Amino acid sequence: QVQLVESGGGLVQSGGSLRLSCVASRSISLIDVMTMGWYRQAPENPREWVATITRNGITTYADSVKGRFTISRDNAKNTVYLQMNSLKPEDTAVYYCKLVLRDTYRAYDYWGQGTQVTVSS
């Protein structure tokens, strides 16, 4: 079982910045790691994808955050980051970290408990 622990959320004014961290309980550089990513869920809304980074470091972003958010990883610390700049009130949500592992037969999803981000106008 893999544990993911997010941190770094908080209250920030519009235009401000936050950096979220997600620490995994195992290595994130092994060959069975497919991707790590960030998702978010605002009240009464479905969870939505924000950004993904592959084991090889390829990054992709939702259009709503492209140019403002940056996902990165530190394999030595088993940690994935989400640097969020130019925050907007609509970025307010609980942010979740997701790790996808694979074996020969299937992929496995692991989620963190989430961290609250609130952007005031």
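Tyr39 counts as buried, at 17% relative accessibility. The cut-off for that label is under 20% relative accessible area. The model is a predicted one, and Tyr39 is a good place to enter it. A search of the whole structure finds one aromatic pair. Its rings belong to Tyr39 and Trp111, with centres 5.0 Å apart and planes at 65 degrees, so the pair is edge-to-face. The angle decides the label, because planes over 60 degrees apart count as edge-to-face. Tyr39 sits in strand E4 and Trp111 in strand E10 (residues 107-111), so the pair ties together parts that are 72 residues apart in sequence. Trp111 itself counts as partly exposed, at 34% relative accessibility.

Next comes Lys98, which touches both partners of that pair. Setting aside neighbours within four places in sequence, the contacts of Lys98 include Tyr39 and Trp111. Leu4, Thr35, Met36, Gly37, Asp109 and Tyr110 are also on the list. Lys98 belongs to strand E9 (residues 93-102). Is this lysine buried or exposed? Lys98 is buried, because its relative accessible area is 13% and the limit is under 20%.

Now step along E4 to Arg40. The strand covers residues 33-41. Arg40 is buried too, with a relative accessible area of 6%. Which side chains make polar contacts with Arg40? One is Glu48, whose side chain is joined to that of Arg40 by a polar contact of 2.6 Å. Another is Tyr95, where the side-chain contact is 2.9 Å. The wider surroundings of Arg40 leave out residues up to four places away in sequence. They include Pro46, Arg47, Val50, Ser64, Val65 and Phe69. Glu90, Asp91, Ala93 and Val94 also touch Arg40.

Tyr95 leads on to the nonpolar interior. The largest nonpolar core has 31 residues. Those with the most contacts inside it are Leu4, Met36, Trp38, Leu82, Met84 and Tyr95. Several strands give two or more residues each: E3 (18-24), E4, E5 (48-54), E7 (69-74), E8 (79-84), E9 and E11 (115-120). Which element gives the largest share of this core? E9 does, with five residues. So Tyr95, a residue with many links in this core, also has a polar contact with the side chain of Arg40.Met36 shows the core from one residue's viewpoint. Beyond neighbours within four places in sequence, Met36 is in contact with Leu4, Cys22, Ile28, Ala51, Thr52 and Ile53, among others. Ile71, Val80, Cys97, Lys98 and Leu99 are also in contact with Met36. Lys98 thus returns here, as a contact of Met36.

Step back to the whole chain. The secondary structure comes to zero helices and 11 strands. Read along the sequence, the pattern is β-β-β-β-β-β-β-β-β-β-β. Among contacts between residues at least 6 apart in sequence, 56% join residues at least 24 apart. Buried residues make up 42% of the 121 residues.

Overall dimensions come last. A compact globule with 121 residues would have a radius of gyration near 14 Å, and the protein has 14 Å, which agrees. Along the principal axes, the C-alpha atoms fill a box of roughly 45 × 30 × 25 Å. The accessible surface comes to about 6,500 Å². Carbon and sulfur atoms account for 48% of that surface.

Note on methods:
Residues are numbered from 1 along each chain as its sequence is written. This is a predicted model: local features need pLDDT of at least 70, side-chain atom pairs count only at pLDDT 80 or more; totals for chains, interfaces and linings use all residues. Side-chain values use heavy atoms; hydrogens and water are left out. Helices (H or I, at least four residues) and strands (E, at least two) are DSSP runs, numbered from the N terminus. Buried means under 20% relative accessible area, exposed over 50%, partly exposed in between (1.4 Å probe, protein chains only). Contact means heavy atoms within 4.5 Å. A polar contact is a pair of N or O atoms within 3.5 Å; within protein, one must be able to donate a hydrogen and the other to accept it, and residues adjacent in sequence count only if both atoms are side-chain atoms. A nonpolar core is a set of buried Ala, Val, Leu, Ile, Met, Phe, Trp, Tyr and Cys residues joined through side-chain atoms within 4.5 Å. The radius of gyration is taken over C-alpha atoms; the globule rule is 2.2 Å times the number of residues to the power 0.38. Accessible areas come from the Shrake-Rupley method with a 1.4 Å probe; for residues, only the protein chains shown count as cover. Rings of Phe, Tyr and Trp (its six-membered ring) pair if their centres lie within 6.5 Å; planes under 30 degrees apart count as stacked, over 60 as edge-to-face and the rest as tilted.
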